[in-house]
Amino acid sequence: MDLFAIIRIAMRALARNKMRSVLTMLGIIIGVGAVIAMLGVGQGARQTMQEQIQAMGSNLLFVGAGTVTRSGMHMGWGSTKSLIYDDMLAILRECPAAHAVAPGSSSSGQVVFGNDNWATRLNGTEPQYFDIRSWPFLEGSAFTQNDVEMSANVAVIGETVRKNLFGATDPVGQTIRINNLPFRVTGVLVPKGTSAAMGDDQDDIILVPLTTLQKKITGQPWLRWIMVSAVSRQSSYAAQQQITSLLRDRHRIRAGDDADFFVRNLADMADVADEAGRVMTLLLASIASVSLIVGGIGIMNIMLVSVTERTREIGLRMAIGATEGNVQQQFLIEAVVLSLMGGITGIIFGLGASYVITQTLGWPVLISPLVIAIAVVFSMAVGVFFGFYPARKAAQMDPIEALRYE
Amino acid sequence: MATTSQPEASLPGTKDPETVILAEEIHKYYELGETRVHALRGATVKIARGEFVTIMGASGSGKSTFMNILGCLDKPSTGRYLLEGVDVSSLAKKELAAIRNRKIGFVFQGFNLLSRTTALENVELPTLYAHISKAEGEKRSREALALVGLGDRVAHFPSQLSGGQQQRVAIARALVNRPSILLADEPTGNLDSRTSVEIMDIFQKLNDEGLTIVLVTHEPDIAQFAKRSIQFRDGKIRRDDRNQNRPLASEVIKNLPKLED
C-alpha cells in the first residue's frame, strides 16, 4: 500500500470529524506558533545585543588604571598615576595580538554654546580612537594627530551633546566653551545609543585631543585608560594575557600582588551577553514547548477515541488482509498528518504573531529557516510519539473481537 | 440455472484432487479465567472446489469458531487445516493476513462497509492490501460490482443503498481479489426474506461459475439453497448431508410477493 494512498485515507478519516480534527490541531497550532514566536523574540534580542556589543568596537580591550587604597580607602578605578603614555607604546610594540591602541584620560566638564549649557563627560584621546571603536562621524571629522601635537582646542561631540546644545544648528565649525575654554567643533559622532552591556548613554560625550585635556584642563600627565583592539576576536584573549603580563612587568608588580591596572575584554562581555540571550531564548522556547506537549497529548487522546470508534473498521481491514503493520501505519500516519497540518498552520500563526510583536512592541524578531525546519520536524515527531500508542493499540486488536464490537 | 450440469460435490473423506478445504480433527479451547471452554471438539471437514456448503447450528455449537478458523482469523488449538494444500495452522500472523487477502472473501451479517466511502472504494479496499496496481484494482472492483448487479451504483455511498444492495457491495468486495473460497457469516441475518433470497440467488450464480462458498446460517430456509449442509452441535459435526431437490433462488423470487412499502 503506497504512502499516498495511506495519506489520502488518513485525510478522509480526519475530514469525517472536521470539528474534532481542527480542535485537536489547535493544540499543536498554539504550541508551534508559540515556539516560533518565542524563538523569534529570543533570537532577535540576542542578535540586537550582539550588534550593540559590536557597536562598542570590534575585538576591543579596555585597559584601565587601577585602584589605590589610601589609608584603607579604595579610591575607585583610574585613581593610580602609574598608567602612562609609554605603557601604550609598549603594548603596541611588544604585544603581537594588539593591533591598534589609543590612550585616554577622562574628566567632566560644563559645556556652553550660546544660551545653552550641558554637563558631560570629557575624554581626551588620539584620532585612532574613532577607528578602534569603529565609530563613524555623522558630520565633520575627527581632530588630527597634528591637533594632538599642538594641543589644539578642538572637540568632537556626541549626539546627545549636539541635541542639547545645538538643536537644529549645524555644530561643525562652531565654537563651544568647555570649562570656559573655547573649542572649535570638528565633528559629530553617529549615535550609538545606550550601551547594552554598560547601560550608559554612549552619546553623552565630548572628545578632545589627549594633550589638550592633560595640559589645559586636568593638568594630569598620566593616563586613565588605554583602548586596545586585538588582531581578531579570537586573539583578544591572547592580547589580554600579553598586556597583563607586559604591564605587570613594567609596573614591577610582584607575583601574587594586586595589579594597579585592569584589562577588560569586550569579547568576554559579548560572550556573556550571548549566553544570556541564549538562555533567554531557551527559556522562552521551553515554556512554549510545554503547550506543544499538551497539544500532543490532545492528539493521543483523539486518536485513542478514534481507534475505539473504528474498532469494526479495524476488524474489517484485518479480515480482508491488512497486516498489523498496515493498521499501525494507517493510524500513525493519521496522527502525523494531524500534527503536521497543525504544525504548518502553527508556523503561519507564529510568523504572524512575530510580525505583530515587531509592529506593536517594537521588539526585533528574528526567525531563521532553521527554526521553521525544526518546527516542522518537531511537530511530526509529536505526531509519531503521541500517535504511536493508539496505533499500536489498533494494530494489536483481535480481528474477531473487533468485528463483533458494537 | 442448470444446477444439475454442475459436477456433483464429493462427500467428505472421498478422494478428490480438487480439495479446497481440509480440516482434520480441529480442537479449539479458550481460557476464560479459570475455566476452559472447549469450543470445538474434533471437527473434520473436507470441502471440494465448487461446493456450496452451509454450516448450521445453535449458538454455542462451535460453528462461528469453526468459521473463524476456516477464515484464518483464528488458529486451531490442535488439529490441522489445509487451505488449497497449504497448512495454515502453522503460519505467522502476517502470512495469515496475506492468505485472508488473496484466498478468502468475507461476507458479514452487518455488511461492514465503510461509511462516507463510495461503493467502488469499499470494493477496492482489499486490492489496497494486495500487490496490484491502482488501475488494476479499480478495474477489478468495477467488474465485481457489475457481477453483483450494481454496475450503475459505483459512486453511491452505503447510506444511499438498500440493505440488499449494501450486502451486494460487500459480496463484490469479497470477490475482488478472486479468492478460492467465499465465507459468509449470516449474510442474510439483517435482511428481509425477499432480499435474502435475492442474495442467495447471487450466491447460487457465483457457485455455478465455480466459486466455493461456505455459508453460516441458522435459517433452514436459507440453508436449503446450498448443495450441502453441515450441522454443528457441542463442538462436533452432527450431520453432513447433501441437499436433495434444492430450490433455485431465481425461481423462488418469482413466487414471493413484491414488497409494497
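Me: Let's count two residues as in contact when their C-beta atoms, placed from the backbone, lie within 7 Å. On that rule, how many residues do chain A and chain B each bring to their contact?

Reply: This is a predicted model, so everything here is about the prediction. In it, 17 residues of chain A and 19 residues of chain B make up the contact. On the chain A side, helix 1, helix 10 (311-319), helix 11 and helix 13 (399-404) each supply at least two residues. Helix 10 of chain A gives the most, with five.

Me: What makes up the side of chain A that touches chain B, by residue class?

Reply: That side divides into 10 nonpolar, three polar and four charged residues.

Me: Why is helix 1 of chain A called roughly perpendicular to helix 11 of chain A?

Reply: Helix 1 (residues 3-16) and helix 11 (residues 324-361) of chain A pack at about 65 degrees, and their axes are 9 Å apart. Angles from 65 to 115 degrees count as roughly perpendicular, so helix 1 of chain A gets that label against helix 11 of chain A. The crossing of these two helices is right-handed.

Me: Which residues make that contact between helix 1 and helix 11 of chain A?

Reply: From helix 1 of chain A come A:I6, A:I7, A:I9, A:A10, A:M11, A:A13 and A:L14, while helix 11 of chain A offers A:Q329, A:Q330, A:I333, A:E334, A:V337 and A:L338. By class, that contact has 10 nonpolar, two polar and one charged residues.

Me: And where do helix 9 and helix 11 of chain A meet?

Reply: In helix 9 of chain A, the residues are A:G295, A:I299, A:M303 and A:V307; they meet A:F331, A:A335, A:L338, A:S339 and A:G342 in helix 11 of chain A. The class count there is six nonpolar, three polar and no charged residues. Helix 9 (residues 266-309) of chain A packs against helix 11 of chain A at about 145 degrees, with axes 11 Å apart. This crossing is right-handed too.

Me: How do you know that strand 1 of chain A really pairs with strand 11 and strand 12 of chain A?

Reply: At least two bridges are needed for a pair. Strand 1 (residues 60-65) and strand 11 (residues 225-230) of chain A share five bridges in the antiparallel sense, with A:V63 bridged to A:I226. Strand 1 of chain A also runs antiparallel to strand 12 (residues 261-265) over five bridges, and there A:L61 has A:N265 as its partner. Both counts pass the cut-off of two, so both are pairs.

Me: What makes B:F106 count as buried?

Reply: The threshold is 20 or more other C-beta atoms within 10 Å. B:F106 has 26 of them, so B:F106 counts as buried. This residue sits in strand 6 (residues 104-107) of chain B. Leaving aside neighbours within four places in sequence, B:F106 touches A:A319, A:I320, B:G71, B:A174 and B:L183. The C-alpha of B:F106 is also 7.7 Å from that of B:I171, 65 residues away along the chain.

Me: Is B:T65 buried or exposed, and why?

Reply: Its count is 22 C-beta neighbours inside 10 Å, against a cut-off of 20 or more, so B:T65 is buried. B:T65 belongs to helix 1 (residues 63-70) of chain B, and contacts B:K28, B:A39, B:L40 and B:D74 once neighbours within four places in sequence are set aside.

Me: Why are strand 2 and strand 5 of chain B called edge strands?

Reply: The open sheet runs 2-1-4-5 in chain B, with antiparallel pairing. Strand 2 (35-48) and strand 5 (86-87) each have a single partner strand, so one side of each lacks a neighbour in the sheet. For strand 5 of chain B, the link to strand 4 (residues 78-83) is two bridges, which just meets the cut-off of at least two. One bridge partner of B:L83 there is B:V86.

Me: What makes the pairing in the six-stranded sheet of chain B worth a look?

Reply: That open sheet has the order 6-7-8-3-9-10 and mixed pairing. Strand 3 (residues 52-56) and strand 9 (residues 228-233) of chain B, for instance, are parallel over four bridges, with B:T54 opposite B:S229. Helix 6 (residues 193-208) of chain B packs on the sheet, touching strand 3 and strand 8 (212-216), and makes about 150 degrees with strand 8 of chain B.

Technical notes: Residues are numbered from 1 along each chain as its sequence is written. Chains are lettered from A and ligands numbered from 1 in the order in which they are written. This is a predicted model: local features need pLDDT of at least 70, side-chain atom pairs count only at pLDDT 80 or more; totals for chains, interfaces and linings use all residues. Axes are lines fitted to C-alpha atoms, for helices over the stretch in contact, and angles run from 0 to 180 degrees between N-to-C directions. Angles under 35 degrees count as roughly parallel, over 145 as roughly antiparallel, 65 to 115 as roughly perpendicular and the rest as oblique. A crossing is left-handed if the near helix is turned anticlockwise from the far one by less than a right angle, and right-handed if clockwise. Ala, Val, Leu, Ile, Met, Phe, Trp, Tyr, Cys and Pro count as nonpolar, Asp, Glu, Lys and Arg as charged, and the others, Gly among them, as polar. A residue is buried if 20 or more other C-beta atoms lie within 10 Å of its own, exposed if 12 or fewer, and partly exposed in between; C-beta atoms are placed from the backbone.
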